[in-house]
Amino acid sequence: EFELTAATSTSDRVCQELTVCTDSEFVSVPSTASSDRNCSALTVCDTLEYEVLPPTKTSDRVCAPIVVPTTTSAASETTTAETTTAESGETSTAAAGETTTAESGETTTAAAGETTTAAAGETTTAAGETTTAAAGETT
């Protein structure tokens, strides 16, 4: 309860029950000794958002936009003519039309702007695209 009307020398005080927020509301303004609480509707995340923080009795839900990863087209990629060997596989990036042969017997031929990643024993040939293949596979 809160005191709606204060007592005077000729009248008693008047009290009122506090408003109860529903499950689809939160307390946006808390009650005081002389005022009721205010409830506000909970935010509903739309289809392009996700819930970052769930609502509580005294706070609204926080939504954020869903971020869709973007891809880079092969035409805008940087090309180099270097070969790097790693423990579990080999990555070759070649300039336009260049062929590189790796220690593991892999052959990679790349066109302008292309990046290829292959495992031991693979042959990867493409034109202007990014290719990733598993062992023993030809792409």
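Helices and strands are here DSSP runs, of at least four residues for a helix and at least two for a strand, numbered from the N terminus. By that reading, this predicted model has 0 helices and 13 strands.

**Whole chain**

Begin with the entire protein in a cartoon view. From the N terminus on, its elements run β-β-β-β-β-β-β-β-β-β-β-β-β. Next, colour the 139 residues by burial: buried residues make up 21% of them. A surface representation shows an accessible area of about 9200 Å², and 54% of this area belongs to carbon and sulfur atoms. If a contact map is at hand, consider the contacts with a separation of 6 or more; residues 24 or more positions apart account for 14% of these.

**First stop: Glu3 and Arg13**

The structure holds 2 salt bridges. Select Glu3 and Arg13 for one of them, in which the closest N and O atoms are 3.2 Å apart. Glu3 lies in strand E1 (residues 2-5) and Arg13 in the loop between E1 and strand E2 (14-16), so the pair ties together parts that are 10 residues apart in sequence. Glu3 is partly exposed, with a relative accessible area of 23%. Arg13 is also partly exposed, at 48%.

**Second stop: Glu51 and Arg61**

Now select Glu51 and Arg61, whose side chains meet in a salt bridge with an N to O distance of 2.5 Å. This pair links distant parts of the chain: Glu51 belongs to strand E5, while Arg61 is in the loop between E5 and E6, 10 residues apart. With a relative accessibility of 39%, Glu51 counts as partly exposed; Arg61, at 21%, counts as partly exposed as well.

**Third stop: the nonpolar patch**

Keep strand E5 in view and add Tyr50, Val52, Leu53, Val62, Ile66 and Val68, which make a nonpolar surface patch of about 540 Å². Which strand gives the most to the nonpolar patch? Strand E5 (residues 49-53) does, with 3 residues. Val62, another member of the patch, is placed in strand E6 (residues 62-65). The relative accessible area of Val62 is 34%, and this residue is therefore partly exposed.

**Fourth stop: Asp36**

Move to the loop between strand E3 (25-29) and strand E4 (38-41), and select Asp36. Asp36 is buried and yet has no salt bridge. How far away is the nearest side chain of opposite charge? That side chain, Arg37, is 5.5 Å from Asp36. A salt bridge requires a side-chain nitrogen of Lys or Arg within 4 Å of a carboxyl oxygen of Asp or Glu, so a pair beyond that cut-off does not qualify.

What does the side chain of Asp36 join through a polar contact? The partner is the side chain of Thr19, at 2.4 Å. Display the surroundings of Asp36 as sticks: leaving aside neighbours within four places in sequence, its contacts are Phe2, Leu18, Thr19, Pro30 and Ser31.

**Last stop: Arg37**

Finish with Arg37, found in the loop between E3 and E4. Arg37 is partly exposed, with a relative accessible area of 23%. Add Thr19 to the selection: Arg37 and Thr19 are 18 residues apart in sequence, and their C-alpha atoms are 6.3 Å apart in space. A polar atom of the Arg37 side chain lies 2.6 Å from the backbone oxygen of Thr19. Beyond its neighbours within four places in sequence, Arg37 is in contact with several residues, including Leu18, Val20, Cys21, Val27 and Val29.

Key. Residues numbered from 1 in each chain as written. Predicted model: local features only at pLDDT ≥ 70, side-chain atom pairs only at ≥ 80, totals over all residues. Heavy atoms only, no water. Patch = residues over 30% accessible without salt bridge, like charges linked within 9 Å, V, L, I, M, F, W, Y side chains within 5 Å. Areas by Shrake-Rupley, 256 points an atom, 1.4 Å probe, with all protein chains shown as cover. Buried < 20%, exposed > 50% of the residue type's maximum accessible area, 1.4 Å probe, protein only. Lys, Arg positive; Asp, Glu negative; His and termini not counted. Polar contact = N/O pair within 3.5 Å; in protein donor to acceptor, adjacent residues only side chain to side chain. Contact = heavy atoms within 4.5 Å.
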